[in-house]
Amino acid sequence: MVTRKIEEKINRWIDKGSSAFLISGARQVGKTYTIRKCLEQRKCNFLEINLVETPELIPVLSRCNSVEELVMNLSLVKQYTFVPGETILFIDEAQQCKEIVTNIKFWVDEGSYKYILSGSLLGVELRNLRSAPVGYLEEVQMYPLDFEEFLWASDIKEKSIEDVKGFLNRKEPLPDAMHDTMMQLFRRYLVVGGMPAAVAEYADSRNLNVVTEIQSAIMNQYKLDFTKYEEENKKLLLQSIYDLIPSQLLKQNRRFNLADIKKGLRFERTEDSFLWLESAGVALSAYNATEPRIALEQNKKSSLVKLYLSDVGLLTTTYGNAIQLNVLNELPGSNYGGIYENAVAQELVAHGYKLYYYNSTKQGELDFVIEHKGKILPIEVKSGKDYKVHSAISNVVKNQEYQIEEAIVFSNYNISTEGKITYLPVYMCGFIRDDVSLPVLDKIEL
C-alpha cells in the first residue's frame, strides 16, 4: 500500500478541520485514492461523489444553496442517509461544478457536515474554486511520490532513512555500502518515478516493462486532455511544447528554445501555454532570476524559462529502454544531466520551493536558485566525474555583493564540504527542507 505524506494533513483535517478541504493536482497523482484511504482508515461516515463518472449530479450540486436542499437531493439520488456531525461529503473532480465555490460558504457556515474536494488541474483551472472566501476552503497541492515516499514503497525501514538524514544534517559522508545502496535506489526512482500506479506496480512485481506501459498510458491521457479542454488554436502548441521538453533537457543549456517549435516564434504568443502546462501540473517551470538575491520573485524574468516534466519516470520513459537500462546500471556514455536536473526540480517543488535559475555572461549559469531558510541557496546538479568543476557557483559564492552563505552541488559522490560549498549525493535532494517557520506572536495590549 502506497503511503503519502499528505495523509497527515488529511487526517488532521478529519480530526480538527472546520473549513472545506481541497486537494488539487494533475491526473494520476493519487488524490482520490489517498482521500478515500484516509476516510476509510479513520472509519469515517462519508459519501463519495465523482462528478466525471456521475455528471447528472452537477446540476443537483449547482442548485443547492442550502444544506437542507443539498442533503435532500443527494439522499434521494444516492439513497444515502446523512448523519449530522458525522457525515463527510467527498466530491471528486470538483472542477466540473464551478458553482460549488458559490455554495461552499453556506454549506460550511451551516456546520452540520464536513466537505472534502479533489480536483484535477488538467484542462480546467480551479480559479473559481480558489476564489472561495478566506476561511471556508483550504487547498493543498498534491504531486507524484517524492523520493522519500518511494523509499517507503520500496520497504526501506524508517530507521535507515533517518540515519541517512542524520549524515546530511551533520554533513558527514555516509558509509560506502549505505551510499552505494542509496544511489541504486535513486537510479531506480529515476526510471520508475513517482506516479502512484507505476510505483505500486514496481513494488508488487518489479516488472519495469509494465511500469513503462503505465507511464506511457499516463502521458497519452495528458495529451488527450490537451485536445479535449483547450481551444483549437492552442492544442497543437501545447502538444509541441510538452513533446519538446525531453529533447530540451538533453541540451547543455536547458532553457526552452521557442525556435525549436517555429522560427521567429515570440514568447508573448506562447506564454499562456507555458502557464497552462504548469497550472495543469504536467510540467514544472524554473524562471530566470536576474539577480541571485532576495526576493527572487521580484527578479524574475518570465520570458526565460526552463521546463521539466512533472515526473522523472515519465521523462526517462520518453528516452526509451536503452537509456533506462543505462540509468539503472550507471553505464557511461549517456547524458544523465537533464534527468538528474528533472529529479531535483521535482523534489524541490514537492517540498514547497519555487524554482529559479540564474544566468550571467560574467558569472555563468546556476541550475537552480531557491530561497531556503530565508536566504539564497544556489544549486548545481552534476551527473559526471567533474562535479567539482563549477565556475558559476564558485563565482557567485565569491561575489560579496550577493552574500551567499552556502551553496550545494548534487552529484553521484558522497558528502564533502569545501568552504561555503557542500557536495551532496544527488539522492539527498529528497531530504532538503525549509525548516524555518514564522513565530507564533503574543497578543499586544494597548
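1. In this predicted model, strand β1 (residues 20–25) and strand β4 (residues 114–120) pair in the parallel sense, joined over five bridges. One residue pair illustrates the match: F21 has I116 in β4 as its bridge partner.

2. Two helices should be viewed together with this pair. Helix α5 (residues 100–110) packs on the sheet, where it touches β1, β3 and β4, and its direction makes about 160 degrees with that of β4. Helix α1 lies across β1, β3 (88–92), β4 and β5, and runs at about 150 degrees to β4.

3. Strands β1 and β4 belong to an open sheet of five strands, ordered β2-β3-β4-β1-β5 with parallel pairing. Its edges are formed by β2 (46–50) and β5; each has a single partner strand, so one side of each is left without a neighbour in the sheet. From one strand to the next, the twist averages 15 degrees.

4. An open sheet of eight strands is also present, in the order β7-β6-β8-β9-β10-β11-β13-β12, and here the pairing is mixed. The edge positions are taken by β7 (300–309) and β12 (416–418), each with a single partner strand, so that one side of each has no neighbour in the sheet. The twist of this sheet averages 30 degrees from one strand to the next.

5. Within the eight-stranded sheet, β6 and β7 run antiparallel and are joined by seven bridges. Across this pairing, A286 stands opposite K306 in β7.

6. Strand β6 (residues 283–289) also contains A289. Is A289 buried or exposed? Its relative accessibility is 0%, and because buried means under 20%, A289 counts as buried. Leaving aside residues up to four places away in sequence, A289 touches L296, N299, Y356, Y357 and Y358. A289 and I370 are 81 residues apart in sequence, while their C-alpha atoms are 9.9 Å apart in space.

7. The largest pocket holds about 1000 Å³ of space. It is lined by 41 residues, of which Q141, Y143, V349, A350 and G352 are the closest to its centre. The elements that contribute two or more residues to this lining are α1 (6–16), β5 (137–141), α13 (267–279), β6 and α16 (337–350). Two of the strands discussed above, β5 and β6, are thus included in that list.

8. What is the make-up of the pocket lining by class? The lining of the largest pocket has 18 nonpolar, eight polar and 15 charged residues.

Definitions and conventions. Residues numbered from 1 in each chain as written. Predicted model: local features only at pLDDT ≥ 70, side-chain atom pairs only at ≥ 80, totals over all residues. Heavy atoms only, no water. Helix = DSSP H or I, 4+ residues; strand = E, 2+ residues; numbered from the N terminus. Buried < 20%, exposed > 50% of the residue type's maximum accessible area, 1.4 Å probe, protein only. Contact = heavy atoms within 4.5 Å. 1 Å grid on protein atoms, 1.4 Å probe; cavity = no way out; pocket = protein on both sides within 12 Å on 5 of 7 lines; lining within 4 Å. Points joined across faces, edges and corners; volume = space filled by probe spheres on them. Nonpolar A, V, L, I, M, F, W, Y, C, P; charged D, E, K, R; others polar. Pairing = 2+ DSSP bridges. Axes fitted to C-alpha atoms, helices over the stretch in contact; angles between N-to-C directions.
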